[in-house]
Amino acid sequence: MDKNFQEEFTQIIKFEPPLYKQRYQFVKDLVEKYKPKKVADLGCADCSLLWMLKFCSCIEVLAGLDICESAMKEKMHTLSPLPVDYLRPSERSLTVTLHQGSVAQKDPCMLGFDLVTCIELIEHLEESELKKFPEVVFGFMAPSIVVISTPNSEFNCLLPGVKLYRHPDHKFEWSQAQFQSWALETARCYDYSVEFTGVGDPPAGMEKIGFCTQIGVFVRKCPQAGESVQSEKPTEAVYKTVFKAVYPSLKDEKYLQNAVIREVVFTAQIIKHRLMSKREEYSDDPERKPRSQPSMDSFSDYLGKLVVEKNMQPFVSGNEVYVPLTTIFSFPKVNRLCGTFEKLCKLIAGKVTLSSDGSAVMFNIEHENEEN
């Protein structure tokens, strides 16, 4: 939060990259280390951090919460799927949701998250909200990891223009000792451990001042007791959902089927093209092998080191070319998409022209020549 406002005060002490980017990168590095599947950003504001995190392949659920609905709506379109996401669906599922509400309130939609981030949030809370905040985040939500960043007031003397707080909406700014005291007590009450670090290095010789942004990383010591604990959670919804996007995924059979059909047709076309090219070579040179038995060596540059059995060879019969499904299934991408040969047959049934026994993709050369 407040990234534009804060950067006004860093003209003498130049942070490179900018301080807000360092905070976001810190979170991204944590995600890459711990691989959480479900991440919530409290105080998400303009959704910049959420936008960065949506590209992390381990994340399947992203949620943002902010008290200001207009701040989220201004940039929430950046969290929507792009046309390329539909053309090339990811192998993972991803759902992004934004909620309007207070971090001092409990809502069941915030249960079950692995990582919760609170980046430059707590200093905006009123005293009454700050008192409720630990119970909501650590007691009710109880994620495996919580990341909290907040300004280090000891650094303010180095920021020109800062008289009391760095932003007019800040209700307080803590020294290192104050933040650590609050964090250690919170961790003790809710059975978390906490480590302290930060971003925005102080000038040489002034290391005691600490980081410009101080960060606490809380890790839950023991896993929750499971469903018995969750059943005690209140179920009344208090947040307002303002945005939801479900990204296309190959875990959805509709998108998987489309991807498999495209890959099967593409692969079959490549094999057919190589086969017909080889037939033309045989026609031009009668001394070569009979054209009815083309060698699979002609496909070696495409198949790589795949070993293809004789009964998997494509062949021509009259005006029709047959490319066995077993050949197509040997291709790594098709194999990875389908998993089993039975699933391949199921996904393309009725969608691709097959031989009468359903064992091969069939092309009619005569029709293609007429179209050309």
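This is a friendly dialogue on reading some features of a predicted model.

Reader: Where should I start? What does the secondary structure of the protein come to?

Author: The protein comes to 14 helices and eleven strands. It has 372 residues, and buried residues make up 47% of them. Contacts are a good next step. Among contacts between residues at least 6 apart in sequence, 73% join residues at least 24 apart.

Reader: How do I check the span of a helix, say α6?

Author: You compare the expected span with the distance between the end C-alpha atoms. Helix α6 covers residues 127–141, and at 1.5 Å a residue its 15 residues should span 21 Å. Its end C-alpha atoms are 20 Å apart, which agrees. You can try α2 (19–34) as well. Helix α2 has 16 residues and reaches 23 Å from first C-alpha to last, close to the 22 Å expected.

Reader: Where does the kink in α6 lie?

Author: Look at F133, where there is a kink of about 30 degrees. The proline P134 comes shortly after that point.

Reader: Which residues of α6 are buried, and what covers them?

Author: The buried residues of α6 are L130, F133, P134, V136, V137, F138, F140 and M141. Their cover includes the strands β1 (38–42), β4 (115–119), β5 (145–151), β6 (192–199) and β7 (213–220), along with the helix α7 (176–189). For α2, the buried residues include L19, Y20, F26, V27, L30 and V31. Q22, R23 and Y24 are also buried in α2.

Reader: What should I look for in the backbone just after a helix?

Author: Look at the sign of phi. Most residues other than glycine have a negative phi, and most peptide bonds are trans. Here, α6 is followed by A142, whose phi is positive, near 45 degrees. A142 is found in the loop between α6 and β5, and A142 is buried, with a relative accessible area of 6%. After α2 comes K35, with a positive phi near 55 degrees. K35 is not a glycine either, and it is found in the loop between α2 and β1.

Reader: Which peptide bond is cis, with omega near 0 degrees?

Author: That is the bond from E16 to P17. P17 has its place in the loop between α1 and α2.

Reader: How do I read aromatic pairs, and how many are there by the rule used here?

Author: You look at the distance between ring centres and at the angle between the ring planes. The count comes to 15 aromatic pairs. One of them joins F15 and F155, with 6.0 Å centre to centre and 40 degrees between the planes, a tilted arrangement. F15 lies in the loop between α1 (3–7) and α2, and F155 in the loop between β5 and α7, so the pair ties together parts that are 140 residues apart in sequence. Both F15 and F155 are buried.

Reader: Which residues do ring pairs link into a cluster?

Author: The cluster consists of F133, F172, W174, F179, W182 and F196. You have met F133 already, at the kink in α6. A ring can also have a charge over its face: K272 lies over F363, at 5.0 Å from the ring centre.

Reader: How many disulfides does a search of the whole structure find?

Author: It finds zero disulfides. For C56, the nearest cysteine sulfur is that of C58, 5.8 Å away. A disulfide needs the two sulfur atoms within 2.5 Å. C56 is buried, with a relative accessible area of 7%, whereas C189 counts as partly exposed at 46%.

Reader: How do I read the surroundings of a single residue?

Author: Find its place, its burial and its contacts. M110 is found in the loop between β3 (95–100) and β4, and at 1% relative accessibility M110 counts as buried. Leaving out residues up to four places away in sequence, M110 touches A40, L42, A63, G64, L65, H99, M141 and Y239. M110 and P143 are 33 residues apart in sequence, with 9.5 Å from C-alpha to C-alpha.

Reader: Is V219 buried or partly exposed, and what does it touch?

Author: V219 is in strand β7 and counts as partly exposed, at 27% relative accessibility. Not counting residues up to four places away in sequence, V219 touches S144, Y192 and S193. V219 and E195 are 24 residues apart in sequence and 8.6 Å apart in space, C-alpha to C-alpha.

Methods
Residues are numbered from 1 along each chain as its sequence is written. This is a predicted model: local features need pLDDT of at least 70, side-chain atom pairs count only at pLDDT 80 or more; totals for chains, interfaces and linings use all residues. Side-chain values use heavy atoms; hydrogens and water are left out. Helices (H or I, at least four residues) and strands (E, at least two) are DSSP runs, numbered from the N terminus. The expected span of a helix is 1.5 Å times one less than its number of residues. The bend at a residue is the angle between axes fitted to the seven residues ending there and the seven starting there. Buried means under 20% relative accessible area, exposed over 50%, partly exposed in between (1.4 Å probe, protein chains only). Contact means heavy atoms within 4.5 Å. Rings of Phe, Tyr and Trp (its six-membered ring) pair if their centres lie within 6.5 Å; planes under 30 degrees apart count as stacked, over 60 as edge-to-face and the rest as tilted. A charge sits over a ring if NZ of Lys or CZ of Arg is within 6 Å of the ring centre and within 35 degrees of the ring normal.
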